[in-house]
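Colleague: Could you take one part of this chain and go through it slowly, in words that a first-year student can follow? I would like to hear about the loops and their backbone.

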Amino acid sequence: MAEPLIPTVDLSPFTKNDEDGKKKAMEVITKACSEYGFFQIVNHGVPINLLQRALDLSKVFFEYPSDEKLKSSPASNAPLPAGYNTQPQQSPDKNEYLLMFPPGSTFNVFPQNPPDFKRVLEDVFSKLTETGLLVETIVNQCLGLPPNFLKEYNHDRSWDFMVALRYFPATESENNGLTEHEDSNCISLVFQDEAGGLEVSKDGEWIPVIPAKGTLVVNISDVIQVLSNNKFKSATHRVVRPKGRSRYSFAFFYNLQGDKWVEPLPHFTKDIGESPKYRGFQYSEYLQLRLRNKTHPPTTPEDEIRITHYNITS
């Protein structure tokens, strides 16, 4: 049997203290993160029926008329537009979305309908936060960092956010749902409906992530790539819209507090005689640059700000 293109890892050994199972899982995760930053997980602690309920309710919400959805428009003081929004007219990305911060955040603007939606969103967010912490702990081990290093470095969960998305059906002339990119945060968790459309770049090819019920997709993001001095890769991915139907998905961004300083760790530089590949930066500065990519789309892909903006050229 050929290896599946994107490996699926069972996380149950990490909750059952199965040392042999842990070792095998970490080998698979380390290989995937070192090469292209993408893998899938099962037995991750989020109930499958909760994931399905979230997708079902998001479909109901996004089918509402615009005036109903716009009742959940973002407050102007939020760091990101929490609530309902659509991509700017000039954006190449064709989707609408509902964004939320952690349950209890004053920035959150929840829809009144469907009635159960708010509770389900908060439940999903809480469960994905726990899964994010588990994955962060595993990544910490795979990188050979001191126990709890990433947890202590990244202890503030108030900047985490989650997005429910609806991608419009492809047209005859274009099918871009989300342009090729890497995520700016630490770790992202995604679940998608059966329409699929998520693709990851591996060895110069676009590999489709085939939807599987109850599976979460994990992608390593820019902060981990910088901290590890490129040992682990930030996953390059995109969304291609299917024809004849909408695509629904959720993306959870296990994030970093904005005041944090991000630079390659000594563990991956001076401790092993390697030069840092990035200059240090405050995370909020990078977020602002990335947000500008969305609000003022660059005229050419080369002008888009990515983590390469902080590269140290030798």
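Modeller: What follows looks at two asparagines and one proline in loops, and then places them in the whole chain.

The model is a predicted one, in which local features need pLDDT of at least 70 and side-chain atom pairs count only at pLDDT 80 or more, while totals for chains, interfaces and linings use all residues. Residues are numbered from 1 along each chain as its sequence is written, and side-chain values use heavy atoms, with hydrogens and water left out.

Let us begin with Asn43, which lies in the loop between β2 (38–42) and α3 (48–63); such helices (H or I, at least four residues) and strands (E, at least two) are DSSP runs, numbered from the N terminus. Although Asn43 is not a glycine, its phi is positive, at about 50 degrees. Asn43 has a relative accessible area of 48%, so it is partly exposed, a class that lies between buried (under 20% relative accessible area) and exposed (over 50%), with a 1.4 Å probe and protein chains only.

Asn229 sits in the loop between α7 (222–227) and β11 (237–240), and it too is a residue other than glycine with a positive phi, here about 55 degrees. Asn229 counts as buried because its relative accessibility is 6%.

A further backbone feature concerns Pro114, whose place is in the loop between β4 (95–100) and α5 (117–142). The peptide bond that leads from Asn113 to Pro114 is cis, and its omega is near -5 degrees.

These loops belong to a chain with eight helices and 14 strands. Of its 314 residues, 51% count as buried. If we take the contacts (heavy atoms within 4.5 Å) between residues at least 6 apart in sequence, 77% of them join residues at least 24 apart. The radius of gyration, taken over C-alpha atoms, can be set beside a globule rule of 2.2 Å times the number of residues to the power 0.38; because a compact globule of 314 residues would have a value near 20 Å, the 19 Å of the chain agrees with it. Along its principal axes, the C-alpha trace spans about 60 × 45 × 40 Å.
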